[in-house]
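Work through the exercises below with the sequence and the model open. Each task is followed by a solution in steps.

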Amino acid sequence: MVSLKEVSSAIKDLKLSNGSSEFGGSGISKYLPVSDPTESFWQTQHDELKDHRSTEHLPEHSDVVIIGAGYAGVSTAYHLTKDHGDATQSITILEARGACSGATGRNGGHLRPDLYGHIPTYVDRAGLRAGAEIAEFEIAHVKVIKKLIEEEKIDCDFTLTRSIDVWCNEEAANNAKAIYDQLVASDLEYMNDVIFHTGEKVESICGVKGAIACASYTAGTIWPYKFILHIIKLALATGKVNLQTYTPATSITPDPKGGFIIGTPRGQIHANKVVHASNAYVPGLLPEYENNIVPCKGICCRISVPEGTTVPLLNNSYINRTKDKVLSYLVPRADGSIIVGGAAATFYPYRDQWYNNVDDSVLIEAAKDYYTGYMQRTYRGWENTGAKVDKIWTGVMGYSYDSNPHIGVVPDKPGQFILAGFNGHV
Ligand SMILES: Cc1cc2nc3c(=O)[nH]c(=O)nc-3n(C[C@H](O)[C@H](O)[C@H](O)COP(=O)(O)OP(=O)(O)OC[C@H]3O[C@@H](n4cnc5c(N)ncnc54)[C@H](O)[C@@H]3O)c2cc1C
């Protein structure tokens, strides 16, 4: 098997050829995943399919070539085989690194629909029904994932829980309450699942020191890497899917005879249709997205306590807006450890550290120490637990200009589809 190092140096040597959408106008490496990413906690339990190649050489042809093996690419393969099996006989997934090595394998594991955080923005832009549809879609997503996990018996530490939004800052708490009241007054049915607390008992309800308001509603948590690797197994088991890891797509050229020729450092593959599921990296092959989908880094970590230490039970997932005006998402795990990330306010001013940046091999300097002592300073009863960060990593999201994903046919490029621009809202 060709090593990642060899692939990386082959990419560096690539020459741009005429007539193809060879990696963007901005240089090949700018939009290619780096070869030595930080390792997330989720990826420490390696899966046998991590470096999988279904065949030694690339197939000559596939009905569909999917670029990227994260949530978007793998679920596309799964649904094409499950729901449209007769129409699609062959699919090849090209993945630049290991399977699920992008944002999906390095996120917070939070399945949290947004019921009211960003919804007023969408309501302002397009009206109440349009805003509500986004919330309803996200709520439906949690239920569908739960059903899929049960049906396919996927071992991925899934929980159906309540997520608690916490505000420790008075102005932000007042704003949140006003938005909550406005959405309740709009008679949105899903708001029945939200309970908003203010007053003296808030701190005891959520356990966060200095909390002024909190709200809870249904959400889920998941081990995203295990989930996606299981879905890949199911897709491969159909016999119609060929997974090629460490095989970046580096060019797409229309074939005069029909379809497309996709170039990689390991040779070419012909496809009738191409699905761009590379999220943050999409502008590499579709330069027209350069201003619309921008790679932006995030940071996440795992906090654990010394063996034998009993910690106060955290039964919910969280979004904490602490007094320092920093927002963090937090997922407690059954093993007593905590996954926590966010802290965007700490690194926002340092754009070179996170904006238009695909380098998930380095931590975000301005945020890398933020979670040291986080549990002790944030949660009641955690002061003497010895909780400390035992794993910290970065990942790259595809921030779209209007925070919405781009899904469908690539404009003016029939036969090419896009499924990208996932910001990963909190
Ligand atoms: C630190 C962090 C925390 C997050 N927390 C959460 C959370 O708690 N909850 C949540 O819902 N979301 C969260 N997100 C966002 C979420 O992870 C993403 O929205 C989601 O994973 C996007 O999935 P995807 O399949 O579109 O992209 P990815 O998972 O990034 O997959 C794209 C794949 O394409 C591959 N690729 C790129 N270019 C090429 C090429 N040229 N050829 C072949 N392959 C290529 C990449 O290697 C990658 O594997 C978080 C993201 C980060 C970074």
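The exercises that follow cover helix packing, a strand and its partners, and single residues in loops; the model is predicted.

**Exercise 1. Describe how helix 2 packs on helix 7.**

Step 1. Two packed helices are described by the angle between their axes and the distance between the axes.

Step 2. For helix 2 (residues 71-83) and helix 7 (residues 224-237), the angle is about 30 degrees and the axes are 9 Å apart.

Step 3. Angles under 35 degrees count as roughly parallel, and helix 2 and helix 7 are therefore roughly parallel to each other.

Step 4. The crossing of helix 2 over helix 7 is left-handed.

Step 5. Helix 2 contributes Tyr71, Val74, Ser75, Ala77, Tyr78 and Thr81 to the contact, and helix 7 contributes Ile228, Ile231, Ile232, Leu234 and Ala235.

Step 6. Sorted by class, this contact between helix 2 and helix 7 holds nine nonpolar residues, two polar ones and no charged ones.

**Exercise 2. Do the same for helix 3 and helix 4.**

Step 1. Helix 3 (residues 119-126) and helix 4 (residues 128-151) have axes that come within 7 Å and cross at roughly 145 degrees.

Step 2. Helix 3 passes helix 4 with a right-handed crossing.

Step 3. On the helix 3 side the residues are Ile119, Tyr122, Val123 and Ala126; they meet Leu128, Ala130, Gly131, Ile134 and Ala135 of helix 4.

Step 4. The contact of helix 3 with helix 4 consists of eight nonpolar residues, one polar residue and no charged residue.

**Exercise 3. Place strand 14 among its pairing partners and state how many of its residues are buried.**

Step 1. Strand 14 spans residues 338-342, and five of its five residues are buried.

Step 2. In a regular strand the side chains alternate between the two faces of the sheet.

Step 3. In strand 14, Ile338, Val340 and Gly342 are on one side and Ile339 and Gly341 on the other; both faces are covered.

Step 4. One partner is strand 11 (residues 293-304), which pairs with strand 14 in the antiparallel sense over four bridges. Here Gly341 is the bridge partner of Cys300.

Step 5. Strand 13 (residues 327-332) also runs antiparallel to strand 14, joined to it by five bridges. Leu330 stands opposite Val340 of strand 14.

Step 6. Strand 13 and strand 14 form a hairpin with five residues between them, and Gly336 in the turn has a positive phi of about 90 degrees.

**Exercise 4. For Cys100 and Tyr246, give phi, the location and the burial class.**

Step 1. Most residues other than glycine have a negative phi.

Step 2. Cys100 is not a glycine, yet its phi is positive, at about 60 degrees. Cys100 sits in the loop between strand 2 (91-94) and strand 3 (110-111).

Step 3. A residue is buried if 20 or more other C-beta atoms lie within 10 Å of its own. Cys100 has 31 C-beta neighbours inside 10 Å, so Cys100 counts as buried.

Step 4. Tyr246 also has a positive phi, near 50 degrees. Its loop lies between strand 7 (241-244) and strand 8 (251-254). With 26 other C-beta atoms within 10 Å, Tyr246 is buried.

**Exercise 5. Where is Gln43, and which residues does Gln43 touch?**

Step 1. Gln43 is in the loop between helix 1 (4-12) and strand 1 (61-67).

Step 2. Gln43 has 19 other C-beta atoms within 10 Å and is therefore partly exposed.

Step 3. Leaving out residues up to four places away in sequence, Gln43 touches Gly105 and Tyr225.

Step 4. The C-alpha atoms of Gln43 and Pro224 are separated by 9.5 Å, although the two residues are 181 residues apart along the chain.

Definitions and conventions: Residues are numbered from 1 along each chain as its sequence is written. This is a predicted model: local features need pLDDT of at least 70, side-chain atom pairs count only at pLDDT 80 or more; totals for chains, interfaces and linings use all residues. Axes are lines fitted to C-alpha atoms, for helices over the stretch in contact, and angles run from 0 to 180 degrees between N-to-C directions. Helices (H or I, at least four residues) and strands (E, at least two) are DSSP runs, numbered from the N terminus. Angles under 35 degrees count as roughly parallel, over 145 as roughly antiparallel, 65 to 115 as roughly perpendicular and the rest as oblique. A crossing is left-handed if the near helix is turned anticlockwise from the far one by less than a right angle, and right-handed if clockwise. Two residues are in contact if their C-beta atoms, placed from the backbone, lie within 7 Å. Ala, Val, Leu, Ile, Met, Phe, Trp, Tyr, Cys and Pro count as nonpolar, Asp, Glu, Lys and Arg as charged, and the others, Gly among them, as polar. A residue is buried if 20 or more other C-beta atoms lie within 10 Å of its own, exposed if 12 or fewer, and partly exposed in between; C-beta atoms are placed from the backbone. Two strands pair if DSSP finds at least two bridges between them.
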